[in-house]
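Hi everyone, thanks for coming. Please have a look at the picture on the screen, and we'll walk through it together.

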Amino acid sequence: RYNFLGVTASNVAVPGASADPGFMLRGIVPNPARSGVRIEYEVGRPSRVRIAVFDVQGREVARIVDGMRPAGRQDARWDGRGVNGAAASPRLYLLRYEGGGRSVVVSGDTRPSENLIRWSQGVDCLIHECCEMTRTSWYPDCGWPSLEEKIKDLASYHTQPEDIGRV
């Protein structure tokens, strides 16, 4: 299971961009995924585009796109395999998109870390999720044996609202 939580269906354009945004990240679907994902994006003008997947330790897992792309809507697919061709292990990943003179990092379910700060240096937009544990709910068969176990698990890999400024 690969999880890029943070962008699912809404469009993300870089603040301060002109009517031609350079690029628009449209979504990462499905999310979470078990066998790969499709990254939907739009390039405002012909541009060099690079889309790379990183693990939370800072290692580049896959380079999905790396080259010139024409203007218009595009999609790229990651089949869940690493640079060595082997299936990537199920975990959380970060996505860095560079194109049209702009860049975005989608951090997903992560806590503040030196790697997240390093990946995000100089980007135009960081999409980072936080989770307020007191607002989470629980129901039988939701994947956790109790509300307490769910909160403990979620807290181990989510940024708390009071820590969002550390990112």
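Let me begin with a question for you: which residue in β4 does Gly 27 stand opposite? The partner is Glu 40. Keep in mind as we go that this is a predicted model.

Let's look at the strands around that pair. Strand β3 covers residues 23-29, and strand β4 covers residues 37-43. The two of them run antiparallel and are joined by six bridges. Another of the residue pairs here is Leu 25 with Tyr 41, its bridge partner in β4. As for how covered β3 is, six of its seven residues are buried.

Now stay with β4, and follow its side chains one by one. They alternate between two faces. Val 37, Ile 39, Tyr 41 and Val 43 point to one face, and these four are buried. Arg 38, Glu 40 and Glu 42 point to the other face and are not buried. So our friend Glu 40, which stands opposite Gly 27, belongs to the face that is not buried, while Tyr 41, the partner of Leu 25, sits on the buried one.

What does β4 pair with besides β3? Strand β7, residues 72-78, also pairs with β4 in the antiparallel sense, this time over seven bridges. Here we meet Tyr 41 again, standing opposite Gln 74 in β7. That gives Tyr 41 a partner in β3, namely Leu 25, and an opposite residue in β7, namely Gln 74.

Next, please find His 128, in strand β10, which spans residues 125-128. Is His 128 buried or exposed? It counts as buried because its relative accessible area is 16%, and the cut-off for buried is under 20%. The side chain of His 128 also makes a polar contact of 2.7 Å with the side chain of Thr 159.

Finally, let's step back to the whole protein. There are two helices and ten strands. Along the sequence they come in the order β-β-β-β-β-β-β-β-β-α-β-α. Of the 167 residues, 46% count as buried. Among contacts with a separation of 6 or more, 54% come from residues 24 or more positions apart. The accessible surface is about 8800 Å², and carbon and sulfur atoms account for 49% of it.

Thanks for listening!

Definitions and conventions. Residues numbered from 1 in each chain as written. Predicted model: local features only at pLDDT ≥ 70, side-chain atom pairs only at ≥ 80, totals over all residues. Heavy atoms only, no water. Buried < 20%, exposed > 50% of the residue type's maximum accessible area, 1.4 Å probe, protein only. Pairing = 2+ DSSP bridges. Polar contact = N/O pair within 3.5 Å; in protein donor to acceptor, adjacent residues only side chain to side chain. Contact = heavy atoms within 4.5 Å. Areas by Shrake-Rupley, 256 points an atom, 1.4 Å probe, with all protein chains shown as cover.
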